[in-house]
Amino acid sequence: MNKLLAGVLPQEGGLEASVSGKYTAAIGLCGLLTLVGVAAGIHSLYAGHEHTFGVSREVPWGVLIAAYVFFVVTSTGLCIVSSIGHVFGFKNFNPIAKRAVFMSIATIVAGFLVIAFEIENSWRMPVGNVIGANATSNIWWMGTLYGAYLFFMLIEFVMLQKNDHKTATAFGLAGLLTGVAAHSNLGAVFGLLNAREFWHGPYMPIYFITSAAMSGCVAIIFFTYIAYRANNWKMSSEMEKAMEGVAKVGALMMAVIIFFTCWKMISGISGHPPGKYEAIMTLLSGKYALNFWGGEVMLGMVIPFVIILAVRGKSMPMLFAASLAGMIGIYFMRYDLVIVGQLVPHYHGMGLVDYPELLSYTPSLHENLVVVGGVAFCVMLFLMGEKLFRGHVAEDH
Amino acid sequence: MRINDLEKLENEGLERLTSLERRRFLQLGLAVTGVYLGGTILSLTPVAEVQAAELVPEVGQYPYSPHYAMVIREKFCIDCERCMEACVKTNDVPVYGFRTTILERRRTVAGGAHETIFMPVLCNQCNRPPCVRVCPTTATWKDKKTGIVVMKPSRCIGCKTCMTACPYNARYFKEENRAVDKCDFCWESRLSKGEKTTACAEACPADVRVFGDLADTKSRVFELLHTPETIIWVLRPEVGALPNVYYVNV
Ligand code: SF4
Ligand code: SF4
Ligand code: SF4
């Protein structure tokens, strides 16, 4: 075991993490929050979602699904970003690749942790998914493909540590392909539901992939900057180049997302398509307007886009500010997408009495604790990764 | 010509269209649904949509045997909720859930009065059920013989995708079973034990809920759906789920 680990863990070289009280405290805090989240999750499985969660029969998917989507979008995005350098050979991007691969694993594991508590009987999954496999179910495809994806990414990471770049590239490509397939299936989970007009259509899978690429760029800037800043490491000029490159790709993706969002909104209001119109208006001027304009549009699109263009991707602190705004904004995007899609009631527009115009959902304490636990777990893995793998520094190859 | 004006035109019928012409459109996957102004304007629609619009299957083409269906004689419902009570008792429905419920519609009618219509709803046992398509573990499926959409609770992982997919809000998560629960036309509780009708239909004092086998041309459901000149509708036809619960006002 020790020998095996020795092959994977770098013994020397790279960057040494500063061991300080702060580091230990951060790990401790994250560990504690993770435990609290897991405890809340286990309690809710035991007591039943009916009593502990804010979800209902009409709005069955809550903030946990949103957080899961956030994590897996980020993971797929990090995988895409890592592959630019060492699958497709754009050498400029190599310095960020190892950290991106590691964080893509950390984020998907955090996503699995969160979804395990949203699915009321997750323990039935391993057997049920095999003996009951349903090829028409996008959820089935997504789960299965993401399982394979995690496996490929783990092998890729190990091979990268062992400096076996040929094998790493092969598994990186396999991870990329399964990740993209899994991710478009996640989009289709929403897009193929005829009953939910806000989601229905080919837009979802396309949007999901694009926004994954955007999230990946934002996330790698975010984590790289924090790692360097917290440890007082100095960025090599290659690393700065890579950050600049990834920021520009991110800005391009933001432009595409801005374009998509504009047309989604316009097509949702012109001609008042039933079911869709009500949902879109909730975002534009209703209860979710602050989420949409403040969170999605300002934090998620406009601010990071403008910052990256203004500094031409060159100032690291500014890029970090852009990525911070982006991460928060993207979280709002996922939340709105999942929740608002369910808010138009099934029998709307039939003139029913005592029937809500719009349903509502508020996350409960249990749900919020699980989400915080998932985030804390992800951060903990990040912190441990920086130390164990010595700043994920790429060797020349 | 504006679209609004078009709608006012009289359909001149399809008789004058040669079968050659019709076949040409069919090859394109389009069916002719109307001819206006001596054939200068044709109304076309995709064939698949025409078939989907045929709510009641053609006689002799029922996919199931017995093909269970329910006809709801909507205007006779008085909202006494005895059907709901019977359902709760028969199928152990918890207080926070329901398998069937009564919705209420109101509109103003001539003279300023109000008209109230009660609308019983339940699982439509859809012929193209979205809930079945999305389930990752086939914990819910359409029974090959009866066409009833059934559940196997021990297989349900509780992902709730079926609840999001159902256009009719017919599913809920039953904590007691740790699985999603839904109306199964009383299959578990009654039909499989030899009873002939559902608990709600039996309990209804106003003869609103008519349950039976659509494949049996002598059944009441068959008669209700095949009486000339009756208007038959289903809920949310646009989602393409093809319900087996029909609404009439006779
Ligand atoms: S009404 Fe809903 S639950 Fe019932 S078969 Fe149709 S989609 Fe499934
Ligand atoms: S909640 Fe149960 S029945 Fe519904 S889709 Fe998930 S596993 Fe299938
Ligand atoms: S029992 Fe009959 S009349 Fe009473 S609410 Fe139910 S369907 Fe309506």
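## Polar contacts between the chains

In this predicted model, 35 residue pairs, both members at pLDDT 80 or more, are in polar contact between chain B and chain A. On the side of chain B that touches chain A, at least two residues each come from β4 (100-108), β5 (114-122), α5 (130-134), α6 (161-165) and β8 (171-174) of chain B. Sorted by kind, the residues of this side of chain B comprise 23 that are nonpolar, nine that are polar and ten that are charged.

The count of salt bridges between chain B and chain A is one. It joins Lys160(B) to Glu120(A), whose closest N and O atoms lie 2.9 Å apart.

## Extent of the interface

Counted by residues, the interface brings 42 residues of chain B into contact with 43 residues of chain A. The size of an interface is often given as the accessible area lost when the parts come together. For chain B and chain A, the area buried between them is about 3700 Å², and carbon and sulfur atoms give 52% of it. Within chain B, the residues that lose the most area to chain A are Arg133(B), Thr164(B) and Arg178(B), which together make up 20% of what that side buries.

## Surroundings of ligand 1

Around ligand 1 there are 14 residues, of which Cys123(B), Asn124(B), Cys126(B), Cys131(B) and Cys166(B) come nearest. When the residues of this shell around ligand 1 are divided by kind, ten are nonpolar, two are polar and two are charged. In that division, cysteine counts as nonpolar, and four of the five nearest residues named above carry the name Cys.

Terms used:
Residues are numbered from 1 along each chain as its sequence is written. Chains are lettered from A and ligands numbered from 1 in the order in which they are written. This is a predicted model: local features need pLDDT of at least 70, side-chain atom pairs count only at pLDDT 80 or more; totals for chains, interfaces and linings use all residues. Side-chain values use heavy atoms; hydrogens and water are left out. A residue is near a molecule or strand if one of its heavy atoms lies within 4 Å of it. Contact means heavy atoms within 4.5 Å. Buried area is the accessible area (1.4 Å probe) that two parts lose on being put together, summed over both. A salt bridge is a side-chain nitrogen of Lys or Arg within 4 Å of a carboxyl oxygen of Asp or Glu. A polar contact is a pair of N or O atoms within 3.5 Å; within protein, one must be able to donate a hydrogen and the other to accept it, and residues adjacent in sequence count only if both atoms are side-chain atoms. Helices (H or I, at least four residues) and strands (E, at least two) are DSSP runs, numbered from the N terminus.
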